[in-house]
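Reader: I am new to this structure and would like a close look at a single part of it. Please choose one helix, and then say what is found in the parts around it and elsewhere along the chain.

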Amino acid sequence: MTKVLMLKSSILGEYSQSSALVDYASKKWSAQGVEITTRDLGSNPVPMLDGEIAAGLRGGDNLSERQLTALALSDELVAEIKAHDTIVIAAPMYNFSIPTTLKSWIDFIARAGVTFAYTDKGPVGLIEGKRAIIVTTRGGAHKGGSTDHVVPYLTTVLGFIGITQVETVYAEALNMGPDAAEVGISQAKQAIDAMTL
Ligand SMILES: Cc1cc2nc3c(=O)[nH]c(=O)nc-3n(C[C@H](O)[C@H](O)[C@H](O)COP(=O)(O)O)c2cc1C
């Protein structure tokens, strides 16, 4: 059975449009027998990376309680990726980039020797055989343009840890009037409908 990890990252709770699209996909795919796990980084945030935590994530002896807690969470998040076939990442655009909730998750899963390694040929991703689907919502229209720092950034980070099969569902122009928003959501739902897992 295909296993899908759904990552929500909006700060807008029940009003989130990216979470609503992820829920739409979850409902559809679970009816097809797909096993879904949902992690809401908005309501259950990963702590912001600081010097103490960054040092703790490198492991070693004499770690503080706070470092041990962070390391355990990081291990859990990495294991969660490994336990699923497909990772769906809800990525609303906030100030041209990803929400800090999602950046903190990335800061906890990008670990040298665990999810990537530096070799004499450059960095190598250690997460193999996974597919990622980015579901990005945005108030304006940015697809493919120089103002989209969401999709290129996430594609780079995912590739860095070894996830090179990346697809994107766009819901654009959501704050450009009700008609444009309806088109944006409907196009995103059509893209989800067209996917096979
Ligand atoms: C803090 C914040 C910053 C935003 N910045 C941008 C932006 O830079 N460009 C844009 O097109 N839309 C921006 N928006 C609009 C959101 O991308 C849009 O409302 C999207 O649907 C939010 O997804 P969500 O409802 O899942 O959080 C911003 C919204 C918020 C709350």
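Author: UniProt positions are given here in the numbering used for this chain, feature names are shortened, and an annotation may be inferred rather than shown by experiment. With that in mind, an unreviewed UniProt entry places the feature "domain: Flavodoxin-like fold" at residues 2-194. The model itself is predicted. Over residues 2-194 the chain is 39% helix and 20% strand, and the C-alpha atoms at the two ends of this stretch are 17 Å apart.

The part chosen is helix α4, which covers residues 100-109. Helix α4 is mostly covered, with eight of its 10 residues buried. The buried residues are T101, L102, S104, W105, I106, D107, F108 and I109. In a helix of this general kind, there are 3.6 residues a turn, so residues three or four places apart point the same way.

What do the buried residues of α4 pack against? Their partners are strand β1 (3-8), helix α2 (51-57), helix α3, strand β3 (86-90) and helix α5.

One residue of the helix can be followed in detail. T101 belongs to helix α4. Its relative accessible area is 11%, and it counts as buried because the cut-off is under 20%. Leaving aside neighbours within four places in sequence, T101 is in contact with S9, I11, L41 and G42.

Next come the loops on either side of α4. The loop between β3 and α4 holds F96. F96 is not a glycine, yet its phi is positive, at about 75 degrees. Most residues other than glycine have a negative phi. F96 is partly exposed, with 43% relative accessibility. Elsewhere in the chain, A173 also has a positive phi, near 60 degrees, and is a residue other than glycine. A173 is placed in the loop between β7 (165-171) and α6 (178-193). A173 is buried, at a relative accessible area of 12%.

On the other side of α4, the loop leading to strand β4 (116-119) contains R111. R111 forms a salt bridge with D75, and the closest N and O atoms are 2.7 Å apart. D75 lies in helix α3, so this pair ties together parts that are 36 residues apart in sequence. R111 is buried, with a relative accessible area of 10%, whereas D75 is partly exposed at 39%.

Helix α3 takes part in another salt bridge, through E76. The side chains of R39 and E76 meet with an N to O distance of 2.9 Å. R39 lies in strand β2 (residues 35-40) and E76 in helix α3 (residues 65-82), so the pair ties together parts 37 residues apart in sequence. R39 is buried at 8% relative accessibility, while E76 is partly exposed, with a relative accessible area of 43%. R39 and E76 are also linked with E80 in a network of salt bridges.

How many salt bridges does a search of the whole structure find? The search finds 12. One of them joins D148 and R138, with the closest N and O atoms 3.1 Å apart. Both D148 and R138 are in the loop between β6 (131-137) and α5 (151-160), 10 residues apart. D148 is buried at 5% relative accessibility, and R138 is buried at 2%.

Aromatic rings come next. The count of aromatic pairs comes to three. One of them is formed by F116 and Y118, in an edge-to-face arrangement with 5.5 Å from centre to centre and 80 degrees between the planes. Is each of these two residues buried or exposed? F116 counts as buried at 7% relative accessibility, whereas Y118 counts as exposed at 61%. F116 and Y118 form one aromatic cluster together with F160.

A last ring involves a charge. The charged end of K189 sits over the ring of Y24, 5.1 Å from the ring's centre.

To return to the chosen part: α4 has eight of its 10 residues buried, and α3 and α5 are among the elements against which those buried residues pack. Helix α3 also holds D75, the salt-bridge partner of R111, which is in the loop between α4 and β4.

Key:
Residues are numbered from 1 along each chain as its sequence is written. This is a predicted model: local features need pLDDT of at least 70, side-chain atom pairs count only at pLDDT 80 or more; totals for chains, interfaces and linings use all residues. Side-chain values use heavy atoms; hydrogens and water are left out. Rings of Phe, Tyr and Trp (its six-membered ring) pair if their centres lie within 6.5 Å; planes under 30 degrees apart count as stacked, over 60 as edge-to-face and the rest as tilted. Buried means under 20% relative accessible area, exposed over 50%, partly exposed in between (1.4 Å probe, protein chains only). A charge sits over a ring if NZ of Lys or CZ of Arg is within 6 Å of the ring centre and within 35 degrees of the ring normal. Helices (H or I, at least four residues) and strands (E, at least two) are DSSP runs, numbered from the N terminus. A salt bridge is a side-chain nitrogen of Lys or Arg within 4 Å of a carboxyl oxygen of Asp or Glu. Contact means heavy atoms within 4.5 Å.
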